[in-house]
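Take a look at the chain below. Turn it around a few times before reading on.

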Amino acid sequence: MTDEPREDGTRINAGLDAAVHCQAEDRYGFTHVAKQLALAIEGLGRDGSAVIGIEGAWGSGKTSLLNLLRLALGAELHERTFVLSVSPWLDGGSMSPVESLLLPVAAIIAEEEKKRMPASALRRLKRKKC
């Protein structure tokens, strides 16, 4: 069996326990919750910060809610706002939880610094490496 998305974004063989990936698959109203949570997150502005945890029993829809929240945030993200998904339990234990958080953050910081660096400074850096 495949789980290929259709033209409308729904999954052909998504079972009852499969996480949803788009609003069309949402049978339990998580889209509304995700949109309201996205508005609250956006309302923090540039001066605020927050850590948001989603708890629930196995199969209660946590991953579905997170998928829909990513969609809602992606539609309204401000420039220089980044959404990170950290799941240290999925990497098989090859990385510590701290590494699984800090490595993506470090990559974003490096990319942002590269964008802000003048082209002349980038050329000098490339010459030094050779």
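This report moves from the overall fold to the core, and then to the surface and the charged pairs.

## Overall picture

The model is predicted. The predictor's confidence, pLDDT, averages 78 over the protein. A value of 70 or more is reached by 74% of the residues. Confidence varies along the chain. Helix α1 has the highest mean, at 91. Helix α4, residues 119–129, has the lowest, at 66. Keep that in mind when you look at α4.

What is the protein built from, helices or strands? It has four helices and zero strands. Read along the sequence, the pattern is α-α-α-α.

How much of the protein is buried? Of its 130 residues, 15% are buried. The accessible surface comes to about 10200 Å². Carbon and sulfur atoms account for 58% of that surface. Contacts also reach along the chain. Take those between residues at least 6 apart in sequence: 47% of them join residues at least 24 apart.

## The nonpolar core

Now go inside. The largest nonpolar core has eight residues: Val20, Ala34, Ala38, Leu65, Leu68, Leu69, Ala72 and Leu73. Two elements give two or more residues to this core, namely α1 (30–42) and α2 (62–76). Helix α2 gives the largest share, with five residues.

Leu65 is a good place to start. This residue belongs to the core. Setting aside residues up to four places away in sequence, Leu65 touches Phe30, Val33, Ala34 and Ile54. One of these partners, Ala34, is itself a core member.

Next, find Thr31 in helix α1. Is Thr31 buried or exposed? Its relative accessible area is 14%, under the 20% cut-off, so Thr31 counts as buried. Beyond its neighbours within four places in sequence, Thr31 is in contact with Gln23, Asp26 and Leu68. Leu68 is one of the core residues.

## A nonpolar patch on the surface

Nonpolar side chains also appear on the outside. Leu84, Val98, Leu101 and Leu102 make a nonpolar surface patch of about 330 Å².

Two of its members deserve a closer look. Leu102 sits in helix α3, which covers residues 97–116. Its relative accessibility is 46%, so Leu102 counts as partly exposed. Val98 is in helix α3 as well. With a relative accessible area of 53%, Val98 is exposed. Exposed means over 50%, so the value for Val98 passes that cut-off.

Val98 can also be placed relative to Val86. The two residues are 12 apart in sequence. In space, their C-alpha atoms are 9.9 Å apart.

## Salt bridges in helix α3

Stay with helix α3 and turn to charge. Side chains of opposite charge can pair when their charged atoms come close. How many salt bridges does a search of the whole structure find? It finds two. The table gives the closest N and O atoms for each pair.

| Pair | Closest N–O distance |
|---|---|
| Glu112 and Lys115 | 3.2 Å |
| Arg116 and Glu112 | 3.9 Å |

Glu112 takes part in a salt bridge with Lys115 and in another with Arg116. Shared partners join Glu112, Lys115 and Arg116 into one network.

The spacing is easy to follow along the helix. Glu112 and Lys115 both lie in helix α3, three residues apart. Arg116 and Glu112 both lie in helix α3 too, four residues apart. Each separation is about one turn of the helix.

Which of these residues are buried, and which are exposed? Glu112 is buried, with a relative accessible area of 12%. Lys115 is exposed, at 58%. Arg116 is also exposed, at 54%. The network therefore joins a buried Glu112 to exposed Lys115 and Arg116.

Glu112 has other contacts too. Leaving aside its neighbours within four places in sequence, Glu112 is in contact with Arg80 and Phe82.

## Putting it together

Go back to the structure and trace these points. Helices α1 and α2 each give two or more residues to the largest nonpolar core. Helix α3 holds Val98 and Leu102, both part of the nonpolar surface patch. Helix α3 also holds Glu112, Lys115 and Arg116, the members of the salt-bridge network.

Key:
Residues are numbered from 1 along each chain as its sequence is written. This is a predicted model: local features need pLDDT of at least 70, side-chain atom pairs count only at pLDDT 80 or more; totals for chains, interfaces and linings use all residues. Side-chain values use heavy atoms; hydrogens and water are left out. Patches are made of residues with over 30% relative accessible area and no salt bridge: like charges are joined within 9 Å, nonpolar side chains (Val, Leu, Ile, Met, Phe, Trp, Tyr) within 5 Å. Accessible areas come from the Shrake-Rupley method with a 1.4 Å probe; for residues, only the protein chains shown count as cover. A salt bridge is a side-chain nitrogen of Lys or Arg within 4 Å of a carboxyl oxygen of Asp or Glu. Buried means under 20% relative accessible area, exposed over 50%, partly exposed in between (1.4 Å probe, protein chains only). A nonpolar core is a set of buried Ala, Val, Leu, Ile, Met, Phe, Trp, Tyr and Cys residues joined through side-chain atoms within 4.5 Å. Contact means heavy atoms within 4.5 Å. pLDDT is the predictor's confidence in each residue, from 0 to 100.
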